[in-house]
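I opened my notebook to work through this structure bit by bit. Here is what I looked up, in the order I got to it.

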Amino acid sequence: MAKKHDNNIGRVFGDRYEIINVVGSGGSSVVYGVYDSVEDRTVAMKMLSPEYESNHEAVKRFEQEVEILSLFSHPGIVKIYDKCLDGSPKYFIMEYVEGITLKKHILSKGALPKKEIFDIVKPTLSALAQVHAKGIVHSDIKPHNVEVLADG
């Protein structure tokens, strides 16, 4: 997927997080599938790309994302388990969600039936309602940023 980030596969961070694979990348960060040896589970690691570590605005946005995600406990919002914002690289550990993006789901199935659309939109709006209740506006809602789980 993101070959330039493959060099981190096999590396261990925080004496417990072993990078297994690249899940996705974009903007200024990359998301890895990671094995947490302490909790014996698969988690996700979002890491700020090295070329952005000297970009004050990118670092600030990354740190704000961690702070904001830490505010929530909702089944439609990934949980934050750990973070390392001091030093390099900067990363945070979050719940690993197995599924595909809504974008990929639509591309693979074509036009979705109304019931399926409702089944996807309802929990998405529930999560957004909790975000808005905290006074936060999510400015990047799009099919690429909504995950559809294997069970729908």
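**Entry 1: the whole chain**

I started with burial, keeping in mind that this is a predicted model. Of the 152 residues in the protein, 34% count as buried. I then looked at the outside: the protein exposes about 9,500 Å², and carbon and sulfur atoms supply 54% of that.

Next I wanted the parts list. I found three helices and eight strands. Reading from the N terminus, the elements run β-β-β-β-α-β-β-β-α-α-β. The radius of gyration is 16 Å, close to the 15 Å that the globule rule gives for 152 residues, so the protein is as compact as a globular protein of that length. The C-alpha atoms fill a box of roughly 45 × 35 × 30 Å along the principal axes.

I also checked how far apart in sequence the touching residues are. Taking the contacts with a separation of 6 or more, I noted that 44% come from residues 24 or more positions apart.

**Entry 2: helix α1**

I went to α1, residues 56-69. This helix has 14 residues and reaches 20 Å from first C-alpha to last, close to the 20 Å expected at 1.5 Å a residue. Which residues of α1 are buried? I wrote down Ala58, Val59, Phe62, Val66 and Leu69. They cover an arc of only 105° around the axis, which puts them on the same side of α1.

I remembered a rule that helps here: an α-helix has 3.6 residues a turn, so residues three or four places apart point the same way.

What do the buried residues of α1 pack against? I found β3, β4, β5 and β6. On the other side of α1, His56 and Glu67 are exposed.

I looked at the start of the helix too. Asn55 caps the N-terminal end of α1, with a side-chain oxygen 3.0 Å from the backbone nitrogen of Glu57.

**Entry 3: helix α3**

I did the same for α3, residues 114-133. With 20 residues, α3 reaches 27 Å from its first C-alpha to its last, close to the 28 Å expected. Its buried residues are Glu116, Ile120, Ala127, Leu128 and Val131. They cover an arc of only 100° around the axis, which puts them on the same side of α3.

I asked what covers these buried residues, and the cover includes α2 (102-109) and β8 (147-149). Turning to the other side of α3, I listed Lys114, Lys115, Phe118, Lys122, Leu125 and Ala133 as exposed. After α3 comes Gly135, whose phi is positive, near 80°.

**Entry 4: unusual backbone spots**

I jotted a reminder first: most residues other than glycine have a negative phi, and most peptide bonds are trans.

Which residues does a cis peptide bond join? I found Ser88 and Pro89, with omega about 0°. Pro89 sits in the loop between β5 (80-84) and β6 (91-95).

Then I looked up positive phi values. Asp15 has a positive phi of about 55° although it is not a glycine. I placed Asp15 in the loop between β1 and β2 (17-26). Asp15 counts as exposed because its relative accessibility is 75%, and the cut-off is over 50%.

Asp40 also has a positive phi of about 55° without being a glycine. Asp40 lies in the loop between β3 and β4, and is exposed, with a relative accessible area of 56%.

Glu39 is in that β3 (29-36) to β4 (41-48) loop as well. Is Glu39 buried, exposed or partly exposed? At 44% relative accessible area, Glu39 is partly exposed. I also took a distance: the C-alpha atoms of Glu39 and Tyr17 are separated by 9.9 Å, and the two residues are 22 apart along the chain.

**Entry 5: two buried polar residues**

I finished with Asn8 and Ser28. Asn8 lies in the segment before β1 (12-13). Asn8 is buried, with a relative accessible area of 9%. The Asn8 side chain makes a polar contact with the side chain of Arg11, at 2.7 Å. Leaving out residues up to four places away in sequence, I found that Asn8 touches Phe13, Ile19, Tyr32 and Met47.

Ser28 is in the loop between β2 and β3. Why does Ser28 count as buried? Its relative accessibility is 17%, and buried means under 20%, so Ser28 makes the cut. With the nearby sequence positions left out as before, Ser28 touches Met47, Leu48, Ser49 and Tyr52.

Methods. Residues numbered from 1 in each chain as written. Predicted model: local features only at pLDDT ≥ 70, side-chain atom pairs only at ≥ 80, totals over all residues. Heavy atoms only, no water. Helix = DSSP H or I, 4+ residues; strand = E, 2+ residues; numbered from the N terminus. Buried < 20%, exposed > 50% of the residue type's maximum accessible area, 1.4 Å probe, protein only. Polar contact = N/O pair within 3.5 Å; in protein donor to acceptor, adjacent residues only side chain to side chain. Contact = heavy atoms within 4.5 Å. Expected span 1.5 Å × (residues − 1). Arc of directions from axis to C-beta. Rg over C-alpha atoms; globule rule 2.2 N^0.38 Å. Areas by Shrake-Rupley, 256 points an atom, 1.4 Å probe, with all protein chains shown as cover.
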